[in-house]
Amino acid sequence: MSETVESPVVQHYALDHQKAKRVTYVGAWLDALLSIVKVAVGYLVGSAALIADGIHSLSDLVTDGFVLTAIHYGRQGPDDDHHYGHGRIETLTTLLLGSILIFVAGAIAWSSVDRLLNGEGVNAPGVVAIAITVAALLSKEWIFRYTMRVAKEVKSKLLEANAWHSRSDALSTAVVLVALLGAQFGAGWLDAVAAVVVGLLVGKVGWDLLWQSARELVDTALPEEVQRQMYDVACSVPGVDSVHDLRTRQSAGWVMVDLHIVVGPTITVSEAHEIGNEVSRRLRHEFPLLTDVIFHIDPEDDAGEGDPSKLPGLPLRPEVEAALDERWYAHPVWRTLNDLQLHYLDNKVSVSLIISDPVHQPPQCLASQLKAMAGDIEWLGHVEILFITRAASSALR
């Protein structure tokens, strides 16, 4: 009985998935505890800043739930309905996370400004409230560093965003700590000011997340420097004459690229395809975040000429052979034809006639005769005659 063995890629994704879930669960439990403690202590000592910070921690808990959902679905591989995977789920979740943060920031700032204008302050919060705030600050900084390390390991922009969300909570807690210390020494108005600052910090993080995810959703390209490095890698492959129309986009931290590779016009299809495969291999080696590399082989540089599918096309082999047979059927070269090669170059169809039976005329003379006999064909380009021996002809068959 055979045993199914998962590929290293599948195992790698499974391990990354476990790491991402573990760090998010740890952060969720910590956010839940801090939220309860901050709001409760803030209510007892009358600190709007500490209550606002507790709401911030609660928003962290909510976004942890979004992150867990996105990790579960966003890290799934391609299926029948999502041929490029589910990475956009992470992007959409990041967008939603940023929107929530901006909403929370507005609510905090509005209520705090109103309190500041009304001249409301707070009494001395006490040593316990200050100690709890210090502990919260240290714990949020720890979860930020832990989450960021895992985010780098699993290459998740969503986890990285969640890490910065935790850092914003740590920064806001630091501001609250300053306010509590001020209130402890009689500057109660610092509490309302600190709450406004917390709101601004939260709003800044939310805006950054919105901006990053929106840029990803509209397929913003990689930086010019990175594109130039990709271009140089592709051009370094033997057999590549040039590269054009290199395009990039991102999805949930992963990168996709497509490019046109110009190769020799008369090499075989298999050789050209293998050159493209080598370009793909080297790009993936140099840029580990690449998930999709799509290359198009060009026999000539057509950069800037537009999409060829929207332009008039040239005839394919059946039509070419029919047109040439109509004009060349009586010529000895055509009657002894072994193979016919077509080359689509310079918006013309050039033909190479390969024959094995000897014809007692120079190849250039024969090619000129054939060209003249088909002079009415607008799409016909260069005509050449190639002789091969009978032994070579048999080998080709």
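**Strands, helices and aromatic pairs in a predicted model**

Student: Is Asp245 buried, partly exposed or exposed?
Tutor: In this predicted model, Asp245 has a relative accessible area of 38%. Buried requires under 20% and exposed over 50%, so 38% puts Asp245 in the class between them, partly exposed.

Student: Which element holds Asp245, and what is its phi?
Tutor: Asp245 lies in strand S1. Most residues other than glycine have a negative phi. Asp245 is not a glycine, yet its phi is positive, at about 50°.

Student: Where is Asn347, and is Asn347 buried or exposed?
Tutor: Asn347 sits in the loop between strand S4 (337-345) and strand S5 (348-355). Its phi is also positive, about 60°, although Asn347 is not a glycine. The relative accessible area of Asn347 is 58%, and the cut-off for exposed is over 50%, so Asn347 counts as exposed.

Student: How far apart are the C-alpha atoms of Gln250 and Ala221?
Tutor: Gln250 is in strand S1 (residues 242-251), and its relative accessibility of 22% makes Gln250 partly exposed. Along the chain, Gln250 and Ala221 are 29 residues apart. In space, their C-alpha atoms are separated by 7.3 Å.

Student: What is the C-alpha to C-alpha distance between Arg22 and Leu68?
Tutor: Arg22 belongs to helix H1 (residues 8-45) and, at 47% relative accessibility, counts as partly exposed. In sequence, Arg22 and Leu68 are 46 residues apart. Their C-alpha to C-alpha distance is 9.6 Å.

Student: Which residue in S3 stands opposite Leu259?
Tutor: Strand S2 (residues 254-262) pairs with strand S3 (residues 290-298) in the parallel sense, over 8 bridges. Across this pairing, the residue in S3 opposite Leu259 is Phe295.

Student: What handedness does the β-α-β unit of S2, helix H8 and S3 have?
Tutor: The two strands, S2 and S3, are parallel. Helix H8 (residues 269-286) is the helical part of the unit they make. The handedness of this β-α-β unit is right-handed.

Student: What area is accessible on the nonpolar surface patch of Ile102, Trp207 and Trp211?
Tutor: One member of the patch, Trp207, lies in helix H6 (residues 190-217). Another, Trp211, has a relative accessibility of 48% and so counts as partly exposed. Together, Ile102, Trp207 and Trp211 have an accessible area of about 340 Å².

Student: Why are Trp207 and Trp211 separated by about one helical turn, and how many aromatic pairs are there?
Tutor: The separation follows because Trp207 and Trp211 are 4 residues apart in helix H6. Counting the rings of Phe, Tyr and Trp with centres within 6.5 Å, the number of aromatic pairs is 3.

Student: What kind of aromatic pair do Trp207 and Trp211 form?
Tutor: A pair of aromatic rings is described by the distance of the centres and the angle of the planes. For Trp207 and Trp211 these are 6.4 Å and 20°. Planes under 30 degrees apart count as stacked, so this pair is stacked.

Student: What kind of pair do Trp328 and Trp334 form?
Tutor: Trp328 is buried because its relative accessibility is 0%, and Trp334, with a relative accessible area of 12%, is buried as well. Their ring centres are 5.6 Å apart and the planes stand at 75°. An angle over 60 degrees sets the class, so the pair of Trp328 and Trp334 is edge-to-face.

Notes: Residues are numbered from 1 along each chain as its sequence is written. This is a predicted model: local features need pLDDT of at least 70, side-chain atom pairs count only at pLDDT 80 or more; totals for chains, interfaces and linings use all residues. Side-chain values use heavy atoms; hydrogens and water are left out. Patches are made of residues with over 30% relative accessible area and no salt bridge: like charges are joined within 9 Å, nonpolar side chains (Val, Leu, Ile, Met, Phe, Trp, Tyr) within 5 Å. Accessible areas come from the Shrake-Rupley method with a 1.4 Å probe; for residues, only the protein chains shown count as cover. A salt bridge is a side-chain nitrogen of Lys or Arg within 4 Å of a carboxyl oxygen of Asp or Glu. Rings of Phe, Tyr and Trp (its six-membered ring) pair if their centres lie within 6.5 Å; planes under 30 degrees apart count as stacked, over 60 as edge-to-face and the rest as tilted. Buried means under 20% relative accessible area, exposed over 50%, partly exposed in between (1.4 Å probe, protein chains only). Two strands pair if DSSP finds at least two bridges between them. A crossover is right-handed if, with the strands pointing away from the viewer, the path from the first strand over the helix to the second runs clockwise.
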